[in-house]
Every structure is written in structure tokens, then in C-alpha cells.
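User: Please take a close look at one part for me, the pocket and what lines it. Then connect it to the rest of the model.

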Amino acid sequence: MDLSNSNTANNLGEAFAGESMANRKYLFFAEVTRQLGMSELSKLFRETANQETEHAFAHFRLMHPELVVGDVASLTQEQKKAIAARCLELAIEGETYEYTTMYPGFTEQARADRDSQAVVEFEAQQAESREHASIFRKAAHNFGLLTHIENHHARQYTEALQALEGVNPSPKAVSGDPATQKWICRQCSMIYNPVEGDPDSGIAPGTPFEAIPEDWYCPICGATKKTFVPYQEAIAA
């Protein structure tokens with residue numbers, strides 16, 4: 001479907017929002033009627049809520065065809081990661097909008113309306129959205145770390161293949177410069193790069209590994225700092 005027409009794109013967005021809201025509303029009704037002892041009516045609301053979800057999914061697939069997964073078996077690991085990364089990007093975008101724009105605006109309006117209960121609710125949701133965005137950002141960061149790990153594994157396998165074929169591996173060495181020396185986790189192969197640091201854990205870019213607090217742990221597997229060893233990189237010819 002051609003979504004270059006902004007009206008169609010906007011309509012799809014509104015349709016998705018409407019179907020999504022209907023889903024949550026009907027689930028709420030289902031819970032209310034369940035508490036009232038009206039099991040059949042509660043069942044009807046739940047069934048309809050599930051149908052509304054399918055409608056919302058159909059709209060969202062048209063809005064984001066890059067997330068439509070057809071034949072999973074035909075996808076490479078990089079393609080799978082790209083799709084997952086796009087999901088995280090959209091999640092971060094949504095949660096960030098909620099805590100930076102939507103809920104602060106709602107809170108100010110509630111204060112202007114002297115609605116203290118709404119103020120408390122909006123402030124709580126703002127904090128939760130900030131937390132969600134942080135979690136999604138960390139997940140996206142971890143995907144980046146995993147890319148380096150998989151690259152390291154690929155090089156290891158390449159070297160193993162070369163050894164089988166009688167090819168001498170390229171010589172390796174540590175850099176010797178704390179500002180650029182990378183360290184690798186012996187447990188999961190996560191590579192700490194001092195140039196990048198680990199901002200999600202409070203480690204600023206440019207922090208040498210030796211300067212990291214001893215209570216720091218691997219952001220991928222949770223191993224302690226002592227699990228890391230200097231990472232040897234191939235010497236350029």
C-alpha cells in the first residue's frame with residue numbers, strides 16, 4: 001500500500017489508536033462484568049477485545065511494513081536484529097514522547113484545572129514512561145554490544161577454519177594504551193571499549209577499564225569486572 005498520501009497515513013494512525021483503545025476498554029469492561037458475576041457478558045467483552053487487537057495489528061502492519069515478518073527461516077541474523085532494533089526505536093520514541101511532552105502537558109493542564117488526582121496520576125505515568133524508555137534504550141544498547149560479540153565470534157570461527165586449512169593466523173596484541181585498550185568478558189565475550197564507555201551503567205566515554213569502579217558488572221551477562229581480560233586485536237599488516 002502506498003502511504004505517500006499523508007491523509008491515508010494519518011487515518012491508519014487514528015484507526016490503530018481507535019482499535020487499540022477499544023481493546024483496552026473492552027478488557028476493562030470484561031473485568032467489571034466478571035466482578036459483577038456476569039461471566040457470559042465478560043466473555044463477550046474479552047472475545048471482542050481480541051478481535052479489536054487483530055484489527056489494530058492489521059493497521060500497524062500497513063503503517064510499518066518493515067516489521068512484517070514473512071518467512072522467518074529466510075532471514076539472516078542481521079535482518080532479525082534490524083527488525084528487533086526498529087521495534088526498540090519505535091518503543092523509545094513513544095515512551096520518550098510520553099514523558100517529555102504528553103504527560104508533562106497533561107500534568108500542567110490538570111494543575112490549571114485544580115484536579116489533584118489527575119496530577120498525581122499523570123506524574124506517576126510520566127515517571128513510568130521515563131523508566132520504560134530507559135529500559136528500551138538499554139535493550140537497544142545491548143543489541144549494539146551483541147553485534148560486537150557476534151563479530152568477535154565470527155573472527156574466531158574464521159581463524160579456526162584457517163587453522164584447519166593450514167593458514168597461519170594474523171598476529172595479535174594488546175594496544176598498551178589504556179585510552180584505547182579493549183577488554184573482553186570471558187563469560188559472554190562482551191567487549192568493553194573505553195572510547196565508547198558504558199553510559200547506561202554510568203561509565204562515561206573515554207573511561208579506561210582500570211578506572212571503572214570495582215562494583216561495575218557486564219551489561220550483558222552480569223559478570224563482575226574481574227571476569228574481563230585484555231582483548232587482543234589483530235595487528236595491521
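Analyst: **The pocket and its surroundings**

Start with helix α3 (residues 77-112): with 8 residues, this helix gives the most to the lining of the largest pocket. Helices here are DSSP runs of H or I with at least four residues, strands are E runs of at least two, and both are numbered from the N terminus. Bear in mind that this is a predicted model, with local features needing pLDDT of at least 70 and side-chain atom pairs pLDDT 80 or more, while totals for chains, interfaces and linings use all residues. Residues are numbered from 1 along each chain as its sequence is written, and side-chain values use heavy atoms, leaving out hydrogens and water.

Back to the pocket, which has a volume of about 390 Å³. (A pocket is an open set of points on a 1 Å grid where a 1.4 Å probe fits, with protein on both sides within 12 Å along at least five of seven lines; lining residues have an atom within 4 Å of a point. The volume is the space filled by probe spheres set on the points.) The lining is made up of Phe16, Phe60, His64, Leu67, Cys87, Leu90, Ala91, Glu93, Gly94, Glu95, Tyr97 and Glu98. By type, that gives 7 nonpolar, 2 polar and 3 charged residues, with Gly counted as polar.

Now zoom out. The protein has 4 helices and 5 strands, and reading along the sequence you get α-α-α-α-β-β-β-β-β. Of its 237 residues, 25% are buried, meaning under 20% relative accessible area, with exposed over 50% and partly exposed in between. Take the contacts (heavy atoms within 4.5 Å) between residues at least 6 apart in sequence: 57% of them join residues at least 24 apart.

On the helical side, Asn23 is a nice example. Asn23 sits in helix α1 (residues 6-35) and counts as buried because its relative accessibility is 7%. Leaving aside residues up to four places away in sequence, Asn23 touches Ala49, Asn50, Glu52 and Thr53. Glu47, in helix α2 (residues 39-63), has its C-alpha 9.7 Å from that of Asn23, with their positions 24 residues apart along the chain. At 39% relative accessibility, Glu47 counts as partly exposed.

As for the strands, 3 of them form an open antiparallel sheet in the order β3-β2-β4. β3 (191-192) and β4 (228-230) are at the edges with a single partner strand each, so one side of each has no neighbour in the sheet. Strands count as paired when DSSP finds at least two bridges between them; β2 (residues 183-185) and β4 have 3, in the antiparallel sense. One of the partnerships joins Trp183 to Pro230 in β4.

The loop between β3 and β4 holds Pro205, which is exposed because its relative accessible area is 56%. Not counting residues up to four places away in sequence, Pro205 touches Pro194, Val195, Glu196, Gly197 and Pro199. The C-alpha atoms of Pro205 and Ala179 are 10.0 Å apart, with the two residues 26 apart along the chain.

How far does the predictor trust all this? The mean pLDDT (its confidence in each residue, from 0 to 100) is 79 for the protein, and 71% of the residues score at least 70. Among the elements, β4 has the highest mean, 90, and strand β1 (residues 172-173) the lowest, 63.

Technical notes:
pLDDT is the predictor's confidence in each residue, from 0 to 100. Buried means under 20% relative accessible area, exposed over 50%, partly exposed in between (1.4 Å probe, protein chains only).
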